[in-house]
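Hi everyone, thanks for making time for this one. Please have the viewer open while I talk, and let me start with a small puzzle.

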Number of protein chains: 6
Amino acid sequence: MRLLVVNPNTTASMTALIGGAAGAVAGPDVTIEAVNPASGPVSIESHYDEALAVPGVLELVARGGYDGYVVACFGDPGVLAARELTGAPVVGIAEAAMRTAAYLGRTYSVVTTLGRTIGHSWDVARAGGLADHCAGMHACEVPVVELETDPRARARILAEAEHALATDRSDVIVLGCAGMADLADWLSVELGVPVVEGVGAATLEVEKLVRLGLRTSKRGEFAPPPAKERGPSLLV
Amino acid sequence: MRLLVVNPNTTASMTALIGGAAGAVAGPDVTIEAVNPASGPVSIESHYDEALAVPGVLELVARGGYDGYVVACFGDPGVLAARELTGAPVVGIAEAAMRTAAYLGRTYSVVTTLGRTIGHSWDVARAGGLADHCAGMHACEVPVVELETDPRARARILAEAEHALATDRSDVIVLGCAGMADLADWLSVELGVPVVEGVGAATLEVEKLVRLGLRTSKRGEFAPPPAKERGPSLLV
Amino acid sequence: MRLLVVNPNTTASMTALIGGAAGAVAGPDVTIEAVNPASGPVSIESHYDEALAVPGVLELVARGGYDGYVVACFGDPGVLAARELTGAPVVGIAEAAMRTAAYLGRTYSVVTTLGRTIGHSWDVARAGGLADHCAGMHACEVPVVELETDPRARARILAEAEHALATDRSDVIVLGCAGMADLADWLSVELGVPVVEGVGAATLEVEKLVRLGLRTSKRGEFAPPPAKERGPSLLV
Amino acid sequence: MRLLVVNPNTTASMTALIGGAAGAVAGPDVTIEAVNPASGPVSIESHYDEALAVPGVLELVARGGYDGYVVACFGDPGVLAARELTGAPVVGIAEAAMRTAAYLGRTYSVVTTLGRTIGHSWDVARAGGLADHCAGMHACEVPVVELETDPRARARILAEAEHALATDRSDVIVLGCAGMADLADWLSVELGVPVVEGVGAATLEVEKLVRLGLRTSKRGEFAPPPAKERGPSLLV
Amino acid sequence: MRLLVVNPNTTASMTALIGGAAGAVAGPDVTIEAVNPASGPVSIESHYDEALAVPGVLELVARGGYDGYVVACFGDPGVLAARELTGAPVVGIAEAAMRTAAYLGRTYSVVTTLGRTIGHSWDVARAGGLADHCAGMHACEVPVVELETDPRARARILAEAEHALATDRSDVIVLGCAGMADLADWLSVELGVPVVEGVGAATLEVEKLVRLGLRTSKRGEFAPPPAKERGPSLLV
Amino acid sequence: MRLLVVNPNTTASMTALIGGAAGAVAGPDVTIEAVNPASGPVSIESHYDEALAVPGVLELVARGGYDGYVVACFGDPGVLAARELTGAPVVGIAEAAMRTAAYLGRTYSVVTTLGRTIGHSWDVARAGGLADHCAGMHACEVPVVELETDPRARARILAEAEHALATDRSDVIVLGCAGMADLADWLSVELGVPVVEGVGAATLEVEKLVRLGLRTSKRGEFAPPPAKERGPSLLV
């Protein structure tokens with residue numbers, strides 16, 4: 001089984017981190033390839049970033065050749081469109097992380113990077129029927145690209161998670177950024193509760209769907225897009 | 001007051017129709033300019049079309065120079081991102097049409113082009129708190145570009161609207177495509193109920209906001225996007 | 001275009017203030033008349049006040065002769081009944097203010113007079129599908145008639161609005177009383193966020209509907225009431 | 001225990017019918033008095049009727065002297081305001097009937113008089129958290145005052161109830177008009193399911209609250225209305 | 001009329017307290033019998049406790065011989081299954097208490113024993129459409145069996161109720177455990193708001209249903225369970 | 001990894017079928033054991049059946065010794081209680097099937113055995129935030145134990161699924177009974193849409209959670225039940 005993990009931003013070090021997180025949990029017969037678009041925002045922290053990143057994500061998915069796809073940004077950019085472009089399962093890390101958390105406790109809290117992205121994360125939660133399980137969304141206000149470079153980032157994330165558990169009286173922490181994928185185990189030990197990061201959760205969700213022989217329904221909304229002129233700049 | 005009406009697809013005849021519909025209702029001191037992106041899909045009938053159309057919409061809004069913006073496609077593509085790029089009001093025609101309908105009766109029915117877009121329209125309705133007012137969404141299955149060319153299009157839309165009123169027991173019809181902007185008056189006479197088309201509704205909504213001196217809040221989610229590298233292909 | 005702005009209470013100075021707020025935003029071809037019932041409560045701060053004010057509102061609307069009607073009390077008293085009595089658009093200031101706020105940010109906070117009215121305001125928000133956008137309702141506990149006379153009223157409203165923004169993490173303030181119509185511009189400057197007051201919003205909403213040629217649907221719930229004996233004390 | 005059952009319309013024969021239905025179920029130590037306002041609509045079939053009926057209802061409640069009050073019209077007109085005027089329990093028949101039905105099956109269907117009232121009945125159901133239990137609302141299109149006089153009324157109501165059970169797959173019928181209070185037993189035998197009429201349900205609900213020593217909370221929204229000038233035409 | 005009040009746990013002193021609370025409010029022609037299963041948990045403070053208590057509850061209900069049944073544990077364990085076993089009304093104290101509170105104010109707060117049960121109580125509230133009325137659930141962290149023995153229990157419950165009213169801005173307190181049935185009157189005096197305890201509320205609710213001649217609908221979900229082998233350990 | 005798949009009913013042939021379905025999808029390093037309680041109902045088709053089956057399920061889970069647990073009945077009986085008894089993940093097939101379906105299309109339809117169980121299935125869907133995705137639940141009215149023996153069962157299920165897709169306009173079919181686990185592939189070919197059966201979905205969900213190192217949160221609701229006397233008849 002070959003899975004493509006798409007990092008929607010163009011920061012190669014983050015793509016490597018994401019690929020590592022996916023590979024660490026994938027089954028023995030699963031090949032993980034992690035890629036990012038050639039051009040686009042270096043991180044996704046606004047609706048504008050997301051809008052500019054999506055065409056690159058879709059170009060990568062449209063090439064085909066994989067048994068399933070992970071979109072590794074917590075806003076799940078382009079997932080619905082990607083499901084039109086392939087019958088292979090496409091899973092975003094926000095949806096996967098929040099659905100996974102629902103098995104582990106009554107409620108979860110999200111800890112994310114910038115507060116300005118929380119509105120969109122609630123939209124993703126609501127669209128997936130996951131808002132009732134979400135007791136709160138909290139920002140550590142560390143920009144995405146500083147997760148790797150700011151020496152205080154870990155401490156801030158831990159503090160925000162502790163605050164979230166106390167304030168929300170929740171059972172589970174969900175990490176709200178693919179760039180936090182390497183922090184889950186450490187945080188879980190520190191906090192004493194399950195910590196779900198979406199890259200691993202989405203990778204195993206796609207693997208699960210492939211092993212079940214399940215593909216995106218092509219009956220209505222996710223049928224291939226009608227053929228038409230769409231301009232010169234993209235491959236499909 | 002200068003308003004920019006953006007047709008997110010690249011079909012110039014539709015841009016002209018949309019500009020005409022906006023100009024027909026705009027106040028005497030309002031200048032309407034209707035534009036479309038230089039490149040992108042000729043019509044928007046899938047998540048994929050929408051994803052490819054959004055960067056062009058944002059490029060047009062980012063140029064600035066207007067007192068307000070209308071996004072003239074029933075899926076409201078790019079509206080949230082556009083609100084980050086300018087303090088001037090940005091209104092999508094789906095939100096405007098459905099909010100307007102809420103003043104005219106208890107429930108409304110949407111009549112749109114292709115059934116595959118209905119899921120997304122429900123998402124827009126839910127995000128705006130307008131789903132409780134929506135008694136049903138119905139497709140005439142006429143593709144967007146054939147609205148102007150298919151001689152049976154009008155009859156099909158009328159039949160679908162009659163079916164919607166009978167099935168949904170609703171009070172108002174909302175037209176689910178900017179390309180239907182010229183049909184509202186005729187349909188209203190035929191049906192005996194108010195028919196709301198979004199181009200006019202959104203144009204007057206922006207005009208209303210401008211006259212009230214109201215601009216998008218820059219306090220949180222819609223603050224200007226953080227400065228960063230975003231790739232070579234767009235102006236901002 | 002002639003619009004009637006109905007102040008449901010009998011305080012003439014408030015009627016003048018409301019009429020001024022409507023006139024300040026109305027278009028050049030729009031004539032605003034502001035009236036209040038001859039008899040009824042001097043202010044509306046309870047379900048009981050509202051119940052006693054409504055017949056007077058309806059008597060004024062039933063006289064006809066206008067192209068549209070604004071009901072200028074934040075509980076929107078009598079709006080549904082008024083829609084039965086005329087085909088001309090009828091808009092309440094609570095619905096108009098909250099719908100307007102939805103275009104300006106993800107969430108809004110209401111700042112109103114007495115806390116005892118907040119339950120009813122939530123009912124209006126829920127009925128209009130606007131509760132998801134409302135991050136909180138807050139009372140300054142200044143009675144309606146003291147808004148004009150209490151020298152501390154402005155400071156209290158400002159303090160409550162600042163508290164609301166901090167607590168609710170909202171983007172927009174909605175003023176929850178027609179008697180606050182003259183405070184919006186000042187508050188917006190003080191707070192640095194959009195402040196919506198309903199009198200102006202509702203006036204331009206009615207103007208918008210009239211210019212779009214849209215009238216209340218007479219198909220079902222808002223058809224004229226059946227003819228019957230209704231007692232001696234009202235005109236219709 | 002003395003309970004006042006208020007028929008909000010001015011049709012004396014319906015007041016008698018309602019009083020009889022209440023008396024038939026009241027406990028041995030309960031005195032029922034049934035009254036109607038001296039002036040107002042002869043039946044309530046529109047928002048306008050309801051608005052004109054409410055002041056009369058409140059005038060009767062404000063007189064005091066009873067241990068509890070039933071408002072015997074399916075729209076529960078004036079109930080919230082009445083709760084401000086007295087600490088004695090006030091129960092509307094729509095709320096009581098729908099809450100009662102929730103104990104008897106998963107879902108119920110409402111059968112009412114005119115279709116134009118269904119929107120308001122949904123509002124009452126939603127406000128009370130009872131909409132999830134309601135599988136449908138159905139109109140027999142017999143006007144209220146013809147329930148007693150139209151020889152076909154019973155057959156139409158039975159047919160509509162049978163249709164409701166088949167369409168909605170519901171467990172229970174709720175009668176949507178006080179004027180149907182005498183039909184519940186007959187319909188239940190005909191249909192083979194529980195049929196709830198609100199007059200009896202509300203009467204025993206008030207009796208229950210009185211026996212439990214429970215009165216309306218005066219802590220916030222339902223505290224006595226502030227003293228003020230309210231005009232000459234009502235007693236309080 | 002003979003009613004059976006079932007205490008689902010096996011603590012006889014609590015059964016006596018519950019029987020006393022029911023008898024104190026029951027009508028003069030009503031015979032109350034209070035029982036508990038012969039075997040099972042001594043208190044119900046977890047999903048596990050509830051699961052083990054339910055078969056005993058059902059065995060008692062299946063014996064028949066009563067006009068109605070009360071299940072006297074705030075999680076309403078076994079109520080849906082019990083409704084399959086008899087046509088006589090079956091009412092749980094959580095549903096009855098929360099529905100009763102809805103007549104007395106806009107919102108209520110629950111004060112219960114252990115925080116770990118609050119998730120389940122929210123499930124009961126949501127299933128009954130009562131979550132919108134519930135402003136908060138609060139635990140005093142006194143285990144059920146210590147309600148009678150811990151001398152500080154009353155003070156803790158009072159403190160938690162005061163905290164709930166202040167935090168939730170609610171109108172009514174609902175007691176979240178049958179073992180608190182004797183505290184309602186005292187608490188109501190201390191707090192100055194209505195306090196609803198479910199044993200009395202459920203007893204009079206069943207009495208109400210019986211007097212109205214209403215029985216559980218046998219049309220669908222609550223028809224008698226199909227005959228089949230179910231193992232040796234239970235009577236039915 | 002050792003997983004225990006618990007069939008809550010006592011029909012051994014169904015346990016074998018369920019074990020086969022789990023084994024067919026489990027990873028190479030996963031050992032599946034399928035068991036059923038020694039005593040209890042032969043099938044679960046009512047709330048009563050479910051109540052009697054749960055203690056046996058919990059007894060099997062409480063024995064421990066496995067890395068994760070599947071509860072293989074579409075009502076997910078005992079899952080919440082089982083999560084208290086072990087830190088190893090516990091997944092019910094209804095929750096797993098419906099969450100899985102959410103990745104494959106906008107909406108799904110459930111096809112189940114008896115119509116009387118549909119109310120409970122909606123409760124499970126609502127509790128999991130999956131009701132918005134569910135376009136309808138449909139019964140083929142074949143009792144559980146006749147799924148294997150009735151030669152017409154397959155045809156009826158296929159017909160009901162076709163009817164569901166046409167009526168609900170849904171994208172995916174979810175099979176509403178563990179006894180249908182062997183029909184998914186055949187049905188998917190017949191229908192041309194994804195068909196999700198819960199046994200495989202839940203097995204791979206547990207496997208996923210184990211591989212991610214995620215266990216049930218023990219912070220609140222799902223902490224081990226307090227020690228207490230719980231009667232003689234169960235092991236824990």
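Where in chain B is the place of B:Asp76? You'll find B:Asp76 in the loop that runs between strand 3 (68-71) and helix 3 (79-85) of chain B. Before I go on, a reminder that we are looking at a predicted model, and every value I quote is computed from it. What caught my eye about B:Asp76 is its backbone: phi is near 55°, which is a positive value in a residue other than glycine. And is B:Asp76 buried or exposed? The relative accessibility comes out at 11%, and with the cut-off for buried set at under 20%, B:Asp76 counts as buried.

There is another residue to put beside that, over in chain D. D:Glu141 has a phi near 60°, again a positive value in a residue other than glycine. D:Glu141 is in a loop too, the one between strand 6 (134-139) and helix 6 (153-168) of chain D. Its surroundings are described by another word, though: D:Glu141 is partly exposed, with a relative accessible area of 40%.

Now let me zoom out to a whole chain, and I'll use chain A. Chain A contains eight helices and eight strands. Its radius of gyration is 17 Å, close to the 18 Å that the globule rule gives for 236 residues, so chain A is as compact as a globular protein of that length. If you prefer box dimensions, the C-alpha trace of chain A spans about 50 × 35 × 35 Å along its principal axes. How many of the 236 residues of chain A count as buried? The share is 68%.

The contact map of chain A may interest the modellers here. Take the contacts between residues at least 6 apart in sequence: 71% of them join residues at least 24 apart. As for the surface, chain A exposes about 7,400 Å², and carbon and sulfur atoms supply 52% of that. On charges, chain A carries 18 positive and 28 negative side chains, and the centres of those two sets lie 7 Å apart.

Next, how the chains sit with respect to one another. Chain A can be laid on chain F by a turn of 180° and a shift of 0.0 Å along the axis, with an RMSD of 0.0 Å. That is the relation of a two-fold axis. Which C-alpha in chain A is nearest the axis? It belongs to A:Gly129, and it is 2.2 Å from the axis. As for how these copies meet, 100% of the interface residues of chain A are also interface residues in chain F, so the copies meet through the same surface. Other pairs stay apart. Chain A and chain D do not touch, and their nearest C-alpha atoms are 17 Å apart. Chain C and chain F do not touch either, with their nearest C-alpha atoms also 17 Å apart.

While we're on chain F, have a look at helix 4, residues 93-101. This helix is mostly covered, with nine of its nine residues buried. Among the buried residues are some charged ones, F:Glu95 and F:Arg99, alongside residues including F:Ile93, F:Met98 and F:Thr100.

Last stop: some buried helix positions. D:Ala22 is in helix 1 (residues 12-25) of chain D, and at 0% relative accessibility D:Ala22 counts as buried. Setting aside residues up to four places away in sequence, D:Ala22 touches D:Val5, D:Ile32, D:Val199 and D:Thr203. One of those partners is far off along the chain: D:Val199 is 177 residues from D:Ala22, yet their C-alpha atoms are separated by 6.0 Å.

In chain E we can look from the other end. E:Thr203 is in helix 8 (residues 198-211), and E:Thr203 counts as buried at 0% relative accessibility. Beyond its neighbours within four places in sequence, its contacts include E:Ala22, E:Val5 and E:Ile32, as well as E:Leu3 and E:Val70.

And finally E:Ser121, from helix 5 (residues 118-127) of chain E. E:Ser121 is buried, with a relative accessible area of 4%. What does E:Ser121 touch, not counting residues up to four places away in sequence? The partners are E:Phe74 and E:Met137. By way of contrast, E:Asp185 is 64 residues away from E:Ser121 along the chain, and their C-alpha atoms are separated by 23 Å.

That's my tour, so over to you.

Notes. Residues numbered from 1 in each chain as written. Chains lettered and ligands numbered in written order. Predicted model: local features only at pLDDT ≥ 70, side-chain atom pairs only at ≥ 80, totals over all residues. Heavy atoms only, no water. Contact = heavy atoms within 4.5 Å. Least-squares fit on C-alpha atoms with pLDDT ≥ 70 in both. Helix = DSSP H or I, 4+ residues; strand = E, 2+ residues; numbered from the N terminus. Buried < 20%, exposed > 50% of the residue type's maximum accessible area, 1.4 Å probe, protein only. Rg over C-alpha atoms; globule rule 2.2 N^0.38 Å. Areas by Shrake-Rupley, 256 points an atom, 1.4 Å probe, with all protein chains shown as cover. Lys, Arg positive; Asp, Glu negative; His and termini not counted. Charge placed at Lys NZ, Arg CZ, Asp CG, Glu CD.
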